[in-house]
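Notebook open, coffee ready. I'm looking up a few residues and strands today and jotting down what I find.

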Amino acid sequence: MDNSIFSRIRNYRAVDARLSTSGQPSVDQLREIAEAGFTFVVNLALHDDPRYSLPDEAGVVRSLGMRYVHIPVQFSAPTHADLLAFFEVMARNEGETIWVHCAANMRVSAFLGLYRVIRQGWTHERAFALMNDIWQPDETWSSFISAALERSHG
C-alpha cells in the first residue's frame, strides 16, 4: 500500500496493514482509499457541519464498493454508548481492511486507544501512542478516557 497518496489527508496514520485512521477525507481521497483496497469506512464525526463532513459520505463510500458505518460522536460530549458501538463495529469487522476517521483523528485516536486497552489488552502507553502523537486530550476527553478505563476494571 502506497501510504504517500494519503499524506494529504488530515492527521493520516497507517496503524497497521489492516487499519488506517485520519481526519475527514474528501470524495477524491475516499476514491483513493477504495483503490488502495480498503473495504470498510467508519466515521465518528458528525454529519451536520459542512466544514468537517461531506454532503453524502455514506452514498459516496457505498458507490465505491466499501461498507460504511456512522457513529456520530459529539466532540464536546462523548458517551459510553458511542464507545460501545465503536467496540462492536471493530470486533465484528476484524478481518476487514478498515479506515476509521472523524474530523481531525482526535475522536478516533482516543476510541482506538480505549479499544486496544479494554478489548485487546494492550498497555496504556502503547495503546495511546497514536493519540499522543496527534493531540493531548482536553478535560472532557481526559475524564471520558479515565471513566471508560475505570468502568472496564469494575
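I started with Arg107, which is buried (under 20% relative accessible area, with a 1.4 Å probe and protein chains only). Arg107 has no salt bridge, meaning no side-chain nitrogen of Lys or Arg within 4 Å of a carboxyl oxygen of Asp or Glu. The nearest side chain of opposite charge is Asp82, 7.8 Å away; Arg counts as positive and Asp as negative.

Quick note to self: this is a predicted model, where local features need pLDDT of at least 70, side-chain atom pairs count only at pLDDT 80 or more, and totals for chains, interfaces and linings use all residues. Residues are numbered from 1 along each chain as its sequence is written, and side-chain values use heavy atoms, leaving out hydrogens and water.

Next I asked what lies 2.7 Å from a polar atom of the Arg107 side chain. I found the backbone oxygen of Val73. I also looked up contacts (heavy atoms within 4.5 Å). Beyond four places in sequence, Arg107 is in contact with several residues, including Leu44, Phe75 and Trp141.

Then I moved to the strands (DSSP E runs of at least two residues). Strands β3 (residues 40-43) and β4 (residues 67-70) run parallel and are joined by four bridges. Val41 has Tyr68 in β4 as its bridge partner.

Last stop was Thr39, in the loop between α1 (27-35) and β3. I logged Thr39 as partly exposed because its relative accessibility is 30%, between the 20% and 50% limits. Leaving out residues up to four places away in sequence, Thr39 touches Met66, Arg67, Glu96 and Thr97.

Methods
Polar contact = N/O pair within 3.5 Å; in protein donor to acceptor, adjacent residues only side chain to side chain. Pairing = 2+ DSSP bridges.
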